[in-house]
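Trainee: I've got a new structure to look at and I'd like to talk it through. Could you take my questions one at a time?

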Amino acid sequence: MARYSAQEIFSVVSKFELTDEQRQAIEHRDGSALVVAGAGSGKTELMSVRAMYLVANQLARPEQILGLTFTRKAASELGIRVSNGLFALRESKYWPTELGDEFQPPKIATYNSFGNDIFRTLALQIGYEVDATLITEAASVALVKELLRDVDLNSFEALGEYEKTQSHLISLILQAAASLSDNLVHAAKAIATFEQFSELASALPQKQGGKTELLGYTRGHIAQAEQNKLVFELAGEYQVLKAKRSLVDFSDQVALAYQGVMKHPIQLDFSHVMLDEYQDTSSIQTMLLSKLFAQAEVMAVGDPNQSIYGWRGASSANLENFSADFSAKASYSLSKSWRSSASIVAAANQLSAGLLNKKIAPVTLSPGRDFDDRVVAAIFQDERTEAQAVARWLDQNLNPDSSAAVLFRSKSAMGIFVQELSALGLAFEVTGLSGLIETPEVIDLVAALRVMIDPEAGVHLMRLLAGPRFRISARDIAKLNAWARRLSRLKRVGFENPITLVEALDQLRWRDSVTDSELSETALERLKSAAQLLHNMRLHSSLSLTEMAWAVVSELEIDIELYAYSGAKNPLANLQAFIARISDYEQSTQRPSLRGLISWLDYALEHESFELPKTGAKKGVAQLMSIHAAKGLEWDLVAVTGLVEGSFPVGPRDTAGWLSAGKLPFQLRKDAAALPALNLMVENQKELDDAIKDFKDRNRAHQLIEERRLAYVATTRAAKELLLTAGYYKTGSKRPRPVSQFLVEMLESGVADLIGETPVPLETNPLTAISETASWPVDPLGANRERVEAAAAGVLSAQPATLESSLELSALMEEQLAPPFRSLPELPIRLSASKIVQLITDPDLFYDQLVRPMPQPYSAAARIGSEFHASLEQSFIEGSELDFSSWSEEQKELGQNFAESNFAGQTPFAVEMPIEYSLGQTVVVCKLDAVFETADGYLVVDWKSGKSPADNQLESRAIQLALYRIGLARALGVAIEKIEAAFYFAGDNKEVRPPLIAQAELEQRLLELRKVPDLKS
């Protein structure tokens, strides 16, 4: 029997009482267990308190506990909760005295990063380099594009007949490659399955004993199978190319780890494992975990009602199969929602009642909060009126102390809501690349970036020329195009491609006379200005992509236009968010380029990905995002929009299952038993078509279940008020769309209150009757022209101010423009060790660089240092002597010094070792230059190419070593006392081991820095 109860341990961090459900799950012992946890039921708290309970009762040491979840943000939050709980436990009477004050914390990581660690450990055994490069989605897109560019069309004849866009094909290839990895299937096996289907269909008679000629629908089925065969052939080539270049993408990490473990079993020192969001795991993740932790006590926490990531490889069957996979006999549930009160909980239960789980008893939520909450619904004739109503609702209910979200099933209607929120001047932000990329200011920016590199980007050039910056009329754009055609005819023989609109505009830059263009004088002047401006923008190619994007915004004066005419509280919010995505691309790609960025954006437009937000709810701000991205978050106010059939739930798509493009045959998937099966025991083409129709019907029912889960997730995001809306018509639709069955259920059951009457759908789309008047060229002042011109006239006619009044006015303006404080930007969760040093030692400089990142000026010393580091790393990896014969004299001196040092003859335990861990509510990102084994433990060494500094400078630098020391101790699972740390200064051949700040003090400093108020003096 345990010495301390779960409630005693919980009292260390909370004054509340645990529920019986929580207590039973926390106190579970002897074997693995499944916890079915409803939305908002406190999964993170359960896991953090269980870690405390295990340590307090000496069932596990902290370092013997492993926690896995999906996103870095979730891992960081769980890591912080667990660490803070253990720190509080350490100060209580329940702390085991033999652990002492210093302890190795539990390992908290994402499933993918954990798989990557295993893969790196076993890489050589399965034919990969230990330092195989992990490529991001953007780099994967670039690699597939390269593959398609270089592929031999004689070997892939079907590729020449592919009719859809290249970006669409890229998304299919990546989807197919990921499914092969997730299910450990070789591409040849999938290809053979499609060939067998085609052979079967081709050999069938039309009816029993009938003609063998193929019917139209049979030819269609065969054509689809042949297209799928092409996709998987290319996916196989993509996998070969990755392996050849020692590249690994996210879908490979766990699959390669599993292959490594199967060939070379390893023993991990984790006695207790906690698996978060288990319903979202893939089959390969489950296989790896069950192999690694067959002897450990595993507690999986998940909710079958929230299994919404099947499209990215997750298998809803994993939760149902947990007991068999981990030999678990115990099962618990968490049914009390600590997020919502009675009304919202009732709505969630209404939706989940239609979700049947074969092996798991469904959780019926009960409210854990007792306050007035509301679920209201409103139905409108069209999505424009719907968006206006949602904007008014937010305007009336959102205040600086509350948070809000507008959730969408897909991005298609998001632009209309952005317009209406802007019109009311509400503070809002769009989350996700797919939503941002359709906002007008981002469209303008992307158009300019395209014109800079693509001479065929005539459509995008026309958008820029017709905009407020240049105001070129339709007539003059047509004349410019005619002039481009005339120039093409005048070109000498041998130039096959005609001059494009972009090239014609560029020629205006250096032509003194363009008499044959028929352009108006005003247009010619503006076009020359545009040509020069675009030329100037191309000169920014030496800048980073992020800097280039801001330079283009400035050159086109997009920021000025937004400040002048936007009603939003932060007119640049969308641009800032979009350029932050450009920065993410730049940092995650080996060779970032503008052309590569455009390819990635094209892929994003074709392949609607649900990007997870980088932060949680924000007070006073309405956040617009997809429901997929909202999972795991909560807001006071939530509006769920587009609740009409065909929108939410979405219309049937890919109902042909694995006969749809890019889908792995279901019979080859590890979770095949949970998926609809296609009956191919047929004797003629009619029976085959009937079998496929039946297969589509069952896929359609399967998809509707997934849509219902998505509706459940959307509903349970709200804490205080939930608004459900529907609009019969969208732009372009000819018939009204019926109200969603999900909304009808909630209205008929009484869990949602209807605001106003349900309107009778009009026979014609009311949006078609709405005409918007616009002038071309665009009037930059628009409706404000009369007011602005009057103000300008007033200024021009005003009497000159006297010296005395001018001085007074100047002082007032200076006071207005220089407020005594400025807002601090949000402190990132993840920081490199060097950034933490800067944050602690010079916070002003840290925040200045955070607000406005500036490129580092060229430094010869920095270049020499980088080359010195690279040479050391290469020498250690290859096990060769340091060869500095070709170095410059200055570099040779460093090499000679190192050759005479204590480190020259030693073999490091690790080189360039990456480590991430949580400390003081911050994820610390480190890369250790070298680690050596010593008689008593380990020594971390940081190479420096300069000379050793004065003692007063060494103190601040030593913070970085202290962070490295903590990280290595946690990574290796050893006591921190076993880790030493030193600088080696090659400039004067000195090894320096400064005194290091204690972990507790460092943690306290970081916690205090995160408590800094929002205003900075």
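Mentor: Sure, and one term before we start: two strands pair if DSSP finds at least two bridges between them. Keep in mind that this is a predicted model.

Trainee: Okay, how many bridges join S2 to S3?

Mentor: Strand S3 covers residues 107-110, and Leu-68 in S2 stands opposite Ala-109 there. The two strands run parallel. The number of bridges that join S2 to S3 is 4.

Trainee: And which residue in S6 stands opposite Gly-67?

Mentor: S2 is also joined to strand S6, residues 272-275, by 4 bridges, and these strands run parallel. Look across from Gly-67 into S6, and the residue standing opposite is Met-274.

Trainee: In what order do the strands of the open sheet come?

Mentor: The sheet has 6 strands and the pairing is parallel. The edge strands are S3 and S8 (330-334), as each pairs on one side only. From one strand to the next, the twist averages 15°. Read across, the order is S3-S2-S6-S7-S1-S8.

Trainee: What stands opposite Val-35 in S8?

Mentor: Val-35 brings us to S1, residues 33-37, which is joined to S8 by 5 bridges. Those two strands run parallel. Opposite Val-35 in S8 stands Tyr-332.

Trainee: Back to S2: is it largely enclosed or largely open?

Mentor: A residue counts as buried under 20% relative accessible area. In a regular strand, side chains alternate between the two faces of the sheet. Here Ile-65, Gly-67 and Thr-69 point one way while Leu-66 and Leu-68 point the other way, and all are buried. That makes 5 of the 5 residues of S2 buried, so the strand is largely enclosed.

Trainee: Which helix sits with S2 and S3 in a β-α-β unit, and what is the handedness?

Mentor: The helix is H4, residues 72-90. Together, S2, H4 and S3 make a β-α-β unit that is right-handed.

Trainee: At what angle does H5 run to S3?

Mentor: Helix H5 takes in residues 111-122. It lies across S2, S3 and S6. Its angle to S3 is about 105°.

Trainee: Let's do charges. How far apart in sequence are the parts that Lys-631 and Asp-280 tie together?

Mentor: Their side chains meet in a salt bridge, 3.1 Å from N to O. Lys-631 lies in the loop between H27 (627-630) and S15 (635-640), and Asp-280 in the loop between S6 and H11 (283-292), so the pair ties together parts that are 351 residues apart. Lys-631 is buried, and so is Asp-280. The separation you asked for is 351 residues.

Trainee: In the pair of Arg-700 and Asp-697, how far apart are the closest N and O atoms?

Mentor: Both residues lie in helix H28 (residues 685-715), 3 residues apart, which is about one turn of the helix. Arg-700 is partly exposed at 33% relative accessible area, and Asp-697 is partly exposed at 44%. In their salt bridge, the closest N and O atoms are apart by 2.8 Å.

Trainee: Arg-669 forms a salt bridge with which residue?

Mentor: Arg-669 is partly exposed, with a relative accessible area of 23%. Its partner is buried, at 7%. The closest N and O atoms are 3.0 Å apart, and the partner is Asp-671.

Trainee: How many salt bridges does the count come to?

Mentor: Besides pairs, there's a network of salt bridges linking Asp-20, Arg-23 and Glu-27. The count for the model comes to 35.

Trainee: Which helix gives the most to the largest nonpolar core?

Mentor: In soluble globular proteins, nonpolar side chains tend to be buried together. The largest nonpolar core here has 86 residues, and Leu-465, Leu-480, Leu-505 and Phe-578 touch the most other members. The helix that gives the most, with 9 residues, is H18.

Trainee: And how many residues are in the second, separate core?

Mentor: Its members include Ile-135, Ile-170, Phe-666 and Leu-668. The number of residues in this second core is 52.

Definitions and conventions
Residues are numbered from 1 along each chain as its sequence is written. This is a predicted model: local features need pLDDT of at least 70, side-chain atom pairs count only at pLDDT 80 or more; totals for chains, interfaces and linings use all residues. Side-chain values use heavy atoms; hydrogens and water are left out. Buried means under 20% relative accessible area, exposed over 50%, partly exposed in between (1.4 Å probe, protein chains only). A crossover is right-handed if, with the strands pointing away from the viewer, the path from the first strand over the helix to the second runs clockwise. A salt bridge is a side-chain nitrogen of Lys or Arg within 4 Å of a carboxyl oxygen of Asp or Glu. Axes are lines fitted to C-alpha atoms, for helices over the stretch in contact, and angles run from 0 to 180 degrees between N-to-C directions. Contact means heavy atoms within 4.5 Å. A nonpolar core is a set of buried Ala, Val, Leu, Ile, Met, Phe, Trp, Tyr and Cys residues joined through side-chain atoms within 4.5 Å.
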